[in-house]
Amino acid sequence: MKKMRKVLSVACIGMLLATALTGCGGDKKGSGDTIKIGGNLEMTGGSASYGKSAQNGIKLAIDAANAKGGVLGKKIEFVVADNKSEAAEATNAMQKLIAQDKVIAVIGPNLSSASIAATSINTSAKVLAITPMGTNPNVTVDKDGKTKDFMFRACFIDPFQGTVMATFAKDKINAKNVAILVDNSSDYAKGLAQFFKEAFTKGGGKIVAEESYLQKDTDFKATLTKIKASNPDMIYVPGYYQEVGMIVKQAREMGLNVPMAGGDGWDSAKLPEIAGKAALNNTYFSSLYSPDDDSQLNKDFVAAYQKAYNEKPDVFAALAYDSALLVINAIKTANAVDTVKIKDAMAKTAGFSGVSGNVTFNAQHNPVKSAVIIEYKDGAQVFKTKINP
Amino acid sequence: MNNIRKQDIMSLLGCFVLFAVMQLLIMFEIIGPFWELNIVLIGINIILSVSLNLINGYTGQFSIGHAGFLAVGAYTGAIITVKLGLPFELALIVGTLCAGLLGFLIGLPTLRLNGDYLAIATLGLGEIIRICILNIEYVGGASGLMGIPRETNFAWVFWVGIFVIFFIKNFINSAPGRSCLAIRENEIAAETMGIDTTKYKVMAFTIGAAFAGTAGVLFSHYFYIAHPASFTFMRSFDILTMVVLGGLGSMSGAITGAVLLTGISAFLAEYPEWRMVIYSITLIVLMLYRPQGLFGNKELSLKMFKLGGDNSGRTAEGK
């Protein structure tokens, strides 16, 4: 028995060493008849649900392109690297995709902080990256206000969502007094809150309470009690679905039944599970995309997505799908497998129709496009209205 | 005495050779940028695991707040280079000193606790540091400190790593180091023998924290960003896992643990869905069949191989 243990432990160490060493096997050369596109996505970690949807969306776009014979006569191969929803790992994943897999363009990461860190790598390697959902302004612009040549985004920037929601609150909900509950550990949430506040007070509204919480908090009763005391007509909660779900649930439990609203961090199939379907009634969020949008392009996309994955696409899937289409379009326009030419072609994209609207890149590599407001009705997302820039 | 000197010189020579080989491999791009990045990451993890091993393995104190000191180093280093525009060398020194100072201040009260209580206190501490950073606008708050220049390279990590390894090795062989070992074996007996246990525990904790700070400076100056999400308690557990996997109280073990776990993580990047599954199964199997860790508290040494060095665990970096 003792001997067996020894043998097993030696075997175990051997296995460990083998895994560590085989990894060092050097670069894999891409074969000549395929074009590789990378996905630097959140496959594990706190935002894994975003990464999974994005992966589905990209796969759908690439499979469709391959079915039509690929691009430039070559098939497209999609390679995913996990960034664990974390900035340093996103840098690592970006390096892997570019150096090991030799991709000619990267889609992702979805998170702004991860995109900002990782873009240093693809910029120095002169390979373009497009973030489907990184909405922080600093993703495509450096701190001196200069546009980062090789970084693009498929979504509009944060501030626009705050402004949109302020317009919606004023015109459609007729709110006068609004309380804000912001996720203080997220720049995204703080940006939305700030622009909401500016636009809303400019339009004559009043902010009656401003409270904050941190990610991974679970008990919001004390904060919500304070908010309840300020008698708001609406509560604005820009944040991510995990905490938002619990906030909505606890607010309704306390009898705080006013409308609640937020940004696209609310867009997740998990939200109705966390908050409860009934509690989620009378809540709205601004988003880049609604599956109920009635353009033909979108209808086809939704049908294909449902066929492939048996669920409705969310905004991450749609924007990732658009990102993939944008990349494929840029490769076609560049008419060469040359990363710099592809980047130039991407920057000149104008009037491109995607499922989330028409895309024209401005000088900061931000697309100019419309926003939608979505309402939760019995746990389902219902398209409410579209607001133009 | 003479013998030890000779061994040290031999090891140092071994390091030079290893460094030259690795540097050439990187220069001629036989090691691509992805593996270069991971080798640097391995180096940083070696510094972290070796410094945590001083606290957990040699002094027998159960600390799980190492990511906190890593964060302090990462951020102070970044403030020096980004905000104040001073050179990277100074950032390394200041980052180390700040983390060490914090370790000292925190070590004084908490090291009077032991066992589970110390573990909880250090865990809380790591989180407190992270939450503080999250709320300081000066260092970017939740979005992290951006625009850090890439100053760290393989040479920096290698030589800082060698320095840390030799420093801790010599510390363990010195009188204070012996006291630390005595405290690990039996704290009451050590106190009876006239060892000021708090003093030596704080000393080990401070040194460990300081080197974690060094690793932090190297880390933030390699990945362009210091972000609070990189310094969660999961990071502390990662480091702890490396130490325990290699064998508590073994320098070779800590180094091997860091090399293996970082290597496995990089290798499994190809299979994101399976990464955590394989990683955890490996750990479970290892702990079932070798609960004392790969090396127990033994060391690889010159005597065992007649050549190689104290850091022969490094050769597992491959190539």
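This report walks through the two chains of a predicted model, from overall build to selected helices and loops.

## About the model

Residues are numbered from 1 along each chain as its sequence is written, while chains are lettered from A and ligands numbered from 1 in the order in which they are written. Because this is a predicted model, local features need pLDDT of at least 70 and side-chain atom pairs count only at pLDDT 80 or more, whereas totals for chains, interfaces and linings use all residues.

## Chain A as a whole

Let's start with chain A, whose secondary structure comprises 12 helices and 14 strands. Helices here are DSSP runs of H or I with at least four residues, strands are runs of E with at least two, and both are numbered from the N terminus. The C-alpha trace spans about 65 × 65 × 45 Å along the principal axes of chain A. Its radius of gyration is 23 Å, which agrees with the value near 21 Å for a compact globule of 389 residues. That radius is taken over C-alpha atoms, and the globule rule is 2.2 Å times the number of residues to the power 0.38.

Of the 389 residues in chain A, 52% are buried. A residue is buried if 20 or more other C-beta atoms lie within 10 Å of its own, exposed if 12 or fewer, and partly exposed in between, with C-beta atoms placed from the backbone. Among contacts in chain A between residues at least 6 apart in sequence, 68% join residues at least 24 apart. Two residues are in contact if their C-beta atoms, placed from the backbone, lie within 7 Å.

## Helix α2 of chain A

Helix α2(A) covers residues 48-67. Its 20 residues reach 28 Å from the first C-alpha to the last, close to the 28 Å expected at 1.5 Å a residue; the expected span is 1.5 Å times one less than the number of residues.

Which residues of α2(A) are buried? Among them are A:Tyr50, A:Gly51, A:Gln55, A:Ile58, A:Leu60 and A:Ile62. The buried residues of α2(A) pack against strands β1 (34-41), β2 (75-82) and β3 (105-107), and against helices α10 (296-309) and α11 (315-334), of chain A. Just after α2(A) comes A:Gly69, with a positive phi of about 100 degrees.

## Loops of chain A

Several loop residues deserve a look on your screen. A:Pro109 sits in the loop between β3 and α4 (112-124) of chain A, and the peptide bond leading to A:Pro109 from A:Gly108 is cis, with omega near -5 degrees. A:Asn174, in the loop between α5 (158-171) and β6 (177-183) of chain A, has a positive phi of about 55 degrees although it is not a glycine. A:Asn174 counts as exposed, with 9 C-beta neighbours inside 10 Å.

A:Asn310 lies in the loop between α10 and α11 of chain A. Its phi is near 65 degrees, again a positive value in a residue other than glycine, and A:Asn310 is exposed, with 7 C-beta neighbours inside 10 Å. A:Asp294 is found in the loop between β10 (283-287) and α10 of chain A, and is exposed, with 8 other C-beta atoms within 10 Å. The C-alpha atoms of A:Asp294 and A:Val355 are 10.0 Å apart, with their positions 61 residues apart along the chain.

## Chain B as a whole

Chain B has 13 helices and zero strands. With a radius of gyration of 19 Å, close to the 20 Å that the globule rule gives for 319 residues, chain B is as compact as a globular protein of that length. Its C-alpha atoms fill a box of roughly 55 × 45 × 40 Å, taken along the principal axes.

Buried residues make up 54% of the 319 residues in chain B. Of the contacts in chain B with a separation of 6 or more, 80% involve residues 24 or more positions apart.

## Helices of chain B

Helix α3(B), residues 66-83, has 18 residues and reaches 25 Å from first C-alpha to last, close to the 26 Å expected. Since 17 of its 18 residues are buried, α3(B) is largely enclosed by the rest of the structure. B:Gly85, just after α3(B), has a positive phi of about 65 degrees.

Helices α6(B) (residues 154-173) and α9(B) (residues 197-220) pack at an angle of about 175 degrees, with their axes 11 Å apart. They are therefore roughly antiparallel to each other.

Definitions and conventions:
Axes are lines fitted to C-alpha atoms, for helices over the stretch in contact, and angles run from 0 to 180 degrees between N-to-C directions. Angles under 35 degrees count as roughly parallel, over 145 as roughly antiparallel, 65 to 115 as roughly perpendicular and the rest as oblique.
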